[in-house]
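Got the viewer open? Grab your selection tool and follow along, one stop at a time.

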Amino acid sequence: MSVADTELPGLRCPACRLPLDRDAGSLRCATGHTFDLARQGYAHLLLSKQSSAHDSGDDGEMVRARRAALSAGYYAPVVDAVSDLVSGWAERAGRPARLLDLGCGEGTVLREATERLLDQDGVRLPGYGVDASKRALRSAAGSDKRNLYVVASTYDLPLDDASIDVAVKVFSPAAAGEVVRVLRQDGIAIAVNPGADHLIELRERMYETVTSRPPGDTALQGLPGMHPLHRGEHARGVVLHAELLRAVVGMTPYRWSVSPAQLDALAAAAPLTVTTHFVVTVHVAMGS
Ligand SMILES: C[S@@+](CC[C@H](N)C(=O)[O-])C[C@H]1O[C@@H](n2cnc3c(N)ncnc32)[C@H](O)[C@@H]1O
Ligand SMILES: [Zn+2]
């Protein structure tokens, strides 16, 4: 059975904000707006007028590159950190967490965190993976029948207020106000961002001047009702063989600034050991 066959509370019509109910193979609101609910487990709730989200979603090549890199364990520290934080939350709350992955891409983080929770307590609620890229969600839904993937904008979430326990945002854009709106009181927002040393060795080879990135996510800081709870840094060396190196470049914005000749030269220098440096910040919703 796919998650598309189960009850899906909390979804709202992106056009009029009324609740969406299942109606055979689609989702429908009381006004009569109807949206596809694909059997593969994803719903299309992005309106054609939300064109900036359409334009910012990953294309097929980026989705394939991301799947290849993540399948090779490139994100292992992120998956570990997110899974531990989610199970810590569920333990403290004494109930399973309703998860939301904002800009979930091809779904590895949501799927793997979900699988680990199942191993621990066997009880889970279907979570949501939201992304503007239909291609990414087709890939995500193809290998995850436990969560619902929703093509939508993270700047305008088609979800009820106070319906989510844990919101995750890994290297993705989102509106902080929307994260706060959908979180329940005591819910947490986990943001993963690149630290100053992330892929520094690649950047040094690609660019003449390497600017240091500001670590961490400050978007939720200072917002009414959100309080910082935890900050962790995870840095390690990763060996990139030529294929993995091409995938890592292909899933990042470096893809647009590196010429094919530069990429060939980088791949010829493989295997290269590079640093991955992830900064994980956690905020808790205390109610306003
Ligand atoms: C850097 S990728 C991160 C993907 C995934 N979280 C990961 O770390 O593997 C950014 C993701 O955000 C999505 N995205 C970009 N703009 C968006 C928007 N306005 N609404 C929803 N998703 C968006 C892209 O399609 C892409 O999948
Ligand atoms: Zn509607």
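Select I188 and V284 to begin: V284 in β11 is the bridge partner of I188. Helices (H or I, at least four residues) and strands (E, at least two) are DSSP runs, numbered from the N terminus. The ladder you are looking at has seven bridges joining β9 to β11, and the two run antiparallel. Strands count as paired here if DSSP finds at least two bridges between them.

A word on what is loaded: this is a predicted model, where local features need pLDDT of at least 70 and side-chain atom pairs count only at pLDDT 80 or more, while totals for chains, interfaces and linings use all residues. Residues are numbered from 1 along each chain as its sequence is written, and chains are lettered from A and ligands numbered from 1 in the order in which they are written.

Stay on β11 and select residues 272-285. Of its 14 residues, 10 are buried, so the strand is largely enclosed by the rest of the structure. "Buried" means 20 or more other C-beta atoms within 10 Å of the residue's own, "exposed" means 12 or fewer, and "partly exposed" is in between, with C-beta atoms placed from the backbone. Now add β10: 14 bridges join β10 to β11, again antiparallel. R231 is the residue to click, as it stands opposite T281 in β11.

Just before moving on, pick A270 and P271. The peptide bond between them is cis, with omega near 5°, and P271 is in the loop between α10 (260-268) and β11. Most peptide bonds are trans.

Next, colour the whole sheet. It is open, has 11 strands and mixed pairing, and its order is β1-β2-β3-β4-β7-β6-β5-β8-β9-β11-β10. The edges are β1 (21-23) and β10 (226-240), each pairing on one side only. On average, neighbouring strands are turned by 25° against each other, direction ignored.

Walk along to β9 (183-194) and β8 (164-170), which pair in the parallel sense over six bridges. V168 stands opposite I190 in β9. While β9 is selected, find D186, which sits in that strand. Its phi is near 75°, a positive value in a residue other than glycine. D186 counts as partly exposed, with 13 C-beta neighbours inside 10 Å. For a second case, go to F171, in the loop between β8 and α6 (176-182): phi there is near 55°, also positive in a residue other than glycine. F171 is partly exposed too, with 18 other C-beta atoms within 10 Å.

Now select β5 (99-102). Which residues are buried on each side of it? L99 and D101 are on one side, L100 and L102 on the other, so to speak a strand with both faces covered. Click D101 and look both ways: its bridge partner in β8 is V168, and its bridge partner in β6 is G129. Four bridges join β5 to β8, running parallel, and β5 pairs with β6 in the parallel sense over three.

Time for the helices. Show α5 (134-142) with α2 (60-71): they pack at an angle of about 35°, with their axes 8 Å apart. Axes are lines fitted to C-alpha atoms, for helices over the stretch in contact, and angles run from 0 to 180 degrees between N-to-C directions. To see the contact, select G60, V63 and R67 of α2 with R135, A136 and S139 of α5; residues are in contact if their C-beta atoms, placed from the backbone, lie within 7 Å. Among the buried residues of α2 are V63 and R67. Just past this helix comes G73, with a positive phi near 90°.

Last, try α3 (76-93). Its 18 residues reach 26 Å from first C-alpha to last, close to the 26 Å expected at 1.5 Å a residue; the expected span is 1.5 Å times one less than the number of residues. Buried residues of α3 include V78, V82, L85 and W89. G94 follows α3, its phi positive and near 75°. That is the end of the route.

Technical notes:
Contact = placed C-beta atoms within 7 Å.
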